[in-house]
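Reader: I'd like to go through this model with you and ask how each label was earned. Could you set it against its definition as we go?

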Amino acid sequence: MNPKTNRIQNLLEFIDRSPTPFHAVREMTDTLSEKGFIELKETNAWKLTPNGRYFLTRNDSSLIAFTVGSKPGFKIIGAHTDSPNLRLKPQAGYAKNGYLQLGVEVYGGVLLSTWTDRDLSLAGRVILGGKKMPLSKLIRFEQALLRIPQLAIHLNRDVNKKGLILNEQNHLPPIFSLQKKSTPDEILKKMVARKLKCRPADIMGMELSLYDTQPGTVAGPDGEFIFSGRLDNLASCHCALHALAESTKKDSVTRVIAFYDHEEVGSETAQGAGSPFLKDVLERIALVEENSREKFLRALAKSFFISADMAHAVHPNYSDKHDSHHMPIINGGPVIKSNAGQRYATEGISSVWFESLCRKAGVPVQKFVVRSDLGCGSTIGPITAANLGIRTVDVGNPMLSMHSIREMAGAKDHELLIRTFKEFFRPTAGSKLQQGNASRK
Ligand code: CO
C-alpha cells in the first residue's frame, strides 16, 4: 500500500472507531502516547522539559497537545471533536403500537432526513458507580441496533414534491425492538452491562449517541473521494494530529493542537472553545518556564492560530448557492474562509500569511465567502480569537453533504492539508511568523 492510501485508510479507520467525541479523544490520546507524548493532569503541578511532548484532556471530549519550544510564542491549530447527531434522552425507552422505541434529542445542526433508513447503533460514555469515585467507560455497539424507518411513499404521496418534513419529537425516535416483557431501558442496561462486563446495578448514568454502522470508504474511479460520517470535523483533527506528531524537529516556538467538544452547539461549555481551557494551558506553559505574566502576554502577541474546519465545496446541482467567484472544488486544496461579519476570524494579514504557507508547502489554495444574501456559518475561530487575542485564520478542506450522516470530501485534499500543517510546524515557518506579526509599519 502506498503511504498516501495508507493515510486515508488510517483516517477512515480513525473516524469509524470514533462515533462520539469521547472515542475520538481516546483514539487521539492513544496515538499521542504511542508517539511519545506524556499525559498531564490539570489538577497536578507540571514540570515541562524543553522539546517535551505533552497532552491533556477535559471531560474526555476535548484535547490539547503540545511540544515545548524555547522562545515565547505559540503555533496553534484548533478544530472540533463533535459532529451533529441524535442523542438518547435520559429516560429514553417507551412502548408504542407493539414496538419499543428510544427517545432522542437533536445535537447540533443535523441534516435530519439522512438519519432515516440507516443501520444505526449506539455509542458513548457510561458512568459506573463503585466503592470509590464514579468511573466512566466508553462503549460502542458494533452491530446495527436501531432504525428510523421512513414512511412508505404510498402513505406520503407528496414527499418528493414537498420534501421530507420531520418533527424532532414525533418522527425521530428510532425503533429498538418489538414489544417484550422487559422495558427498553432494562433491555438496554442489560446489553450495556454485558458489553462492559459489569452488573446492570453498577450503571449510574449513560450518555449514548446514535451513529451509522456503515464504515467510511474511498470512492470514485481514481479513489479521489472519501465518503464517511463525521468528516466535519474529525478529518481536520486527523490532519493536525499527524502534522504535530510527525513534526519532530526542534522548534523554538511551542507547537499546539487544541480540539474542542461542543462546537456544533455554540462552544459555551467548560470544555468548549468558549472555555478558558486553551488559555489556561498556554499560560501554564509560559509560567512553568519563567514565572512572568508579561512573558506570557508577549508570547500570545507572537502567536498564530489556524482554525481548521471543513469548508463548502460547490455542489454542481446547486451551484447558485455559491458566490460565482468563490466556488471551492474538491481536491483543489484547502480553503481560506472569510466573512465581513467576522463569522470567520480571517483578516487580511492572516489570509496572506496562510497563502504564503501553502505556497511554501507546494499546496494550491482556494477562497470562500458566502453569497451576500445568505447567512454565514461559523467556527471556533472567532471564539478563540476573541478569547486569546491571537491572530487567526479560518481554513478547511472542501466537502459536500456537510452535517449529513454520511459526508463527502476529497482524498487528495487531506494529504494537502497535512502537508500545509507540517509546513506551519516547521521551525523556519515559526520565525517568519513572529516577524510577520511584529512588523506593522
Ligand atoms: Co465543523
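Reader: Why is Cys358 called buried?

Author: Happy to start there. Buried means under 20% relative accessible area, with over 50% called exposed and the range in between partly exposed (1.4 Å probe, protein chains only). Cys358 has a relative accessible area of 0%, so it is buried. Its place is in helix H8; helices are DSSP runs of H or I with at least four residues, strands are runs of E with at least two, and both are numbered from the N terminus.

A word on the source: this is a predicted model, in which local features need pLDDT of at least 70 and side-chain atom pairs count only at pLDDT 80 or more, while totals for chains, interfaces and linings use all residues. Residues are numbered from 1 along each chain as its sequence is written, and side-chain values use heavy atoms, with hydrogens and water left out.

Reader: What makes the pair of Phe304 and Trp353 tilted?

Author: Rings of Phe, Tyr and Trp (its six-membered ring) pair if their centres lie within 6.5 Å; planes under 30 degrees apart are stacked, over 60 edge-to-face, and the rest tilted. The structure holds seven aromatic pairs. In this one the centres of Phe304 and Trp353 are 4.1 Å apart and the planes stand at 40°, so the pair counts as tilted. Phe304 belongs to strand S14 and Trp353 to helix H8 (residues 348-361), so the contact ties together parts 49 residues apart in sequence. Both residues are buried, and together with Phe424 and Phe425 they form one aromatic cluster.

Reader: How do you know that strand S18 is largely enclosed by the rest of the structure?

Author: Count its residues: six of the six in S18 (residues 391-396) are buried, so the strand is largely enclosed. In a regular strand, side chains alternate between the two faces of the sheet. Here Arg391, Val393 and Val395 point one way, Thr392, Asp394 and Gly396 the other, and all are buried.

Reader: Which strands count as paired with S18?

Author: Two strands pair if DSSP finds at least two bridges between them. Strand S14 (residues 304-308) is joined to S18 by five bridges and runs parallel to it, with Phe304 opposite Arg391. Strand S16 (residues 335-337) has three bridges to S18 and runs antiparallel; there, Ile336 has Val395 as its bridge partner.

Reader: Why are S11 and S15 said to stand at the edges of their sheet?

Author: That open sheet has five strands in the order S11-S12-S20-S19-S15, with mixed pairing. Strand S11 (217-219) and S15 each have a single partner strand, so one side of each is left without a neighbour in the sheet. Elsewhere in this sheet, strand S12 (residues 225-228) and strand S20 (residues 407-410) pair in the antiparallel sense over four bridges, and Phe225 has Gly410 as its bridge partner.

Reader: What makes one space a pocket and another a cavity?

Author: It comes down to whether the probe can leave. On a 1 Å grid over the protein atoms alone, a cavity is a set of points where a 1.4 Å probe fits but cannot get out, whereas a pocket is an open set with protein on both sides within 12 Å along at least five of seven lines; lining residues have an atom within 4 Å of a point. Points are joined across faces, edges and corners, and the volume is the space filled by probe spheres set on them.

The largest pocket comes to about 1000 Å³. Of its 40 lining residues, the closest to its centre are His312, Met399, Ser401, Met402 and His403. Strand S15 (311-312) and strand S19 (398-400) each give two or more residues to that lining.

Reader: And how many cavities of 30 Å³ or more are there?

Author: The count comes to two. The largest has a volume of about 60 Å³, and helix H6 gives the most to its lining, with three residues. The second largest has a volume of about 40 Å³; its lining includes Ile226, Met310, Gly410 and His414. S20 and helix H10 (411-424) each supply at least two residues of that lining.
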